[in-house]
2 protein chains.
Amino acid sequence: MGDRTKPGSGAIVTSASAPATSAAAVGGRSLDHPTRDEIRIETVLHALSDPMRLRVVRELAAADAELTCSRFDLPVSKSTTTHHFRVLRESGIVQQVYRGTAKMNGLRRDDLEALFPGLLDSILDAANRQVQRIGEDR
Amino acid sequence: MGDRTKPGSGAIVTSASAPATSAAAVGGRSLDHPTRDEIRIETVLHALSDPMRLRVVRELAAADAELTCSRFDLPVSKSTTTHHFRVLRESGIVQQVYRGTAKMNGLRRDDLEALFPGLLDSILDAANRQVQRIGEDR
DNA sequence: ACCGTAGTTTGAGATTCTTCGTAGTTTGAG
DNA sequence: CTCAAACTACGAAGAATCTCAAACTACGGT
């Protein structure tokens, strides 16, 4: 899985020169998401197998709206939070868009439902049941 | 892992004196499985996020019967196969029992269904759809 | 222009995972 | 008892993950 290959251009954005007109510089920052047909079940399951990420997805589903990263009060540092959101985005579970300084996060329900009908809901349901059972949250 | 000693709960196989009349001693070797209420959604998802293990579970579901480890023709070594079956057992997805020199593997459908209704089926369905779509199997 | 908020990147440490080969154990058969 | 078959256990190597702190970039207001 690992694919730390940076998003936009070829990492040469080291600012040695050309600070302004970089490829990704057009509208601002670019975030690349997998297209619908690039989403893989193994990757989705892996992304959701982390407690922190599963929790984010549960909150996102409960809110049923786009939320900024900072709305989530996770017990980890900012950089770790960024990391988890990145995994969720690269797996195709969430969609991220910049709006000002904030980054909005939304579930890709349509894509997931089209590829894997019922999967997301049954995982969310399973997670909710487990929290009810043993309340291991937060 | 660095610690092959079984994970959660411990207790049981304390073997202070390991009398012959131990529950597990009946047929010979003992394999400890998590009890139903020890099964965790994160662990289940993690176990199924590996292509090899997902494949094993798919075959097991398709066969709808107990199969020996050697029935699976995985493209990995035997010790790796043992490892994957162990992960599946410790996550609570499969149940393993010795029968002669063979080890029978069966899905714990009842337990999973009781804890997470519909989860296993929707994951299997998702996996099947993906194989149909891009045939990345074997 | 300056500052604060929001998030990213880089580099690091610690842990865990996947995989393997080799050596052992257990069981059933001859 | 000895053998083959079926697994397990024990390292070990290499990759991937999770986590953090520190330094950085982007955007919006005052």
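Visitor: Of the atoms of DNA strand D within 4 Å of the protein, what share belong to sugar or phosphate, and what do the rest belong to?

Guide: When protein meets DNA, one can sort the nearby DNA atoms by the part of the strand to which they belong. In this model, which is predicted, 72% of the atoms of DNA strand D within 4 Å of the protein belong to sugar or phosphate, and the rest belong to bases. For DNA strand C, 67% of the atoms within that distance of the protein belong to sugar or phosphate, the rest again being base atoms.

Visitor: Which residues come nearest to DNA strand D?

Guide: There are 26 residues around DNA strand D, and those that come nearest are Ser77(A), Thr80(A), His84(A), Thr82(B) and Lys103(B). Sorted by class, the surface near this strand has 5 nonpolar, 15 polar and 6 charged residues.

Visitor: How should I read a single polar contact, and what parts of DNA strand D are found 3.1 Å from Arg53(A) and 2.7 Å from Ser77(A)?

Guide: For each contact, ask which atom stands on the protein side and which on the DNA side. Arg53(A) has a side-chain N or O atom 3.1 Å from a phosphate oxygen of DNA strand D, whereas Ser77(A) places a backbone N or O atom 2.7 Å from a phosphate oxygen of that strand. Thr101(B) offers another kind of contact, with a polar side-chain atom lying 3.3 Å from a sugar or linking oxygen of DNA strand D. As for the elements that give two or more residues to the surface near DNA strand D, these are helix H3 (78-91) of chain A, together with H3 and strand S3 (102-107) of chain B.

Visitor: Let me turn to the other strand: which residues come nearest to DNA strand C?

Guide: Of the 25 residues around DNA strand C, the nearest are Thr82(A), Lys103(A), Ser77(B), Thr80(B) and His84(B). The surface near this strand divides into 5 nonpolar, 15 polar and 5 charged residues.

Visitor: Which atoms of DNA strand C lie 2.9 Å from Lys78(A) and 3.1 Å from Ser79(B)?

Guide: In both cases the partner on the DNA is a base nitrogen: a polar side-chain atom of Lys78(A) lies 2.9 Å from one, and a side-chain N or O atom of Ser79(B) is 3.1 Å from one. Thr101(A), by contrast, has a polar side-chain atom 3.4 Å from a sugar or linking oxygen of DNA strand C. The elements that give two or more residues to the surface near DNA strand C are H3 and strand S3 (102-107) of chain A, together with H3 of chain B. Among these elements, H3(B) gives the most, with 4 residues.

Visitor: What rotation superposes chain A on chain B, and with how much shift along its axis?

Guide: To relate two copies, one looks for the turn, and any slide along the axis of that turn, that lays one upon the other. Here a rotation of 180° with 0.0 Å of shift along its axis superposes chain A on chain B, with an RMSD of 0.1 Å, and that is the relation of a two-fold axis. The same surface serves both copies, since 96% of the contact residues of chain A recur in chain B.

Visitor: How many salt bridges does the structure hold over all chains, and what does Asp111(A) pair with?

Guide: A useful habit with salt bridges is to note the partners, and then to ask where each one sits. The structure holds 12 salt bridges over all chains. In one of them Asp111(A) pairs with Arg36(A), the closest N and O atoms being 2.6 Å apart. Asp111(A) lies in helix H4 (residues 109-115) of chain A and Arg36(A) in the segment before helix H1 (41-48) of that chain, so the pair ties together parts that are 75 residues apart in sequence. Asp111(A) counts as buried at 17% relative accessibility, while Arg36(A), at 39%, is partly exposed.

Visitor: How many residues apart are Glu59(B) and Arg55(B), and which helix holds them?

Guide: Glu59(B) and Arg55(B) are 4 residues apart in helix H2 (residues 51-63) of chain B, and are therefore separated by about one helical turn. Their side chains meet in a salt bridge with an N to O distance of 3.9 Å. Is each partner buried or partly exposed? Buried means under 20% relative accessible area, so Arg55(B), at 8%, counts as buried, whereas Glu59(B), at 28%, counts as partly exposed.

Notes: Residues are numbered from 1 along each chain as its sequence is written. Chains are lettered from A and ligands numbered from 1 in the order in which they are written. This is a predicted model: local features need pLDDT of at least 70, side-chain atom pairs count only at pLDDT 80 or more; totals for chains, interfaces and linings use all residues. Side-chain values use heavy atoms; hydrogens and water are left out. Copies are superposed by least squares on the C-alpha atoms of residues with pLDDT of at least 70 in both. Contact means heavy atoms within 4.5 Å. A salt bridge is a side-chain nitrogen of Lys or Arg within 4 Å of a carboxyl oxygen of Asp or Glu. Buried means under 20% relative accessible area, exposed over 50%, partly exposed in between (1.4 Å probe, protein chains only). A residue is near a molecule or strand if one of its heavy atoms lies within 4 Å of it. A polar contact is a pair of N or O atoms within 3.5 Å; within protein, one must be able to donate a hydrogen and the other to accept it, and residues adjacent in sequence count only if both atoms are side-chain atoms. Ala, Val, Leu, Ile, Met, Phe, Trp, Tyr, Cys and Pro count as nonpolar, Asp, Glu, Lys and Arg as charged, and the others, Gly among them, as polar.
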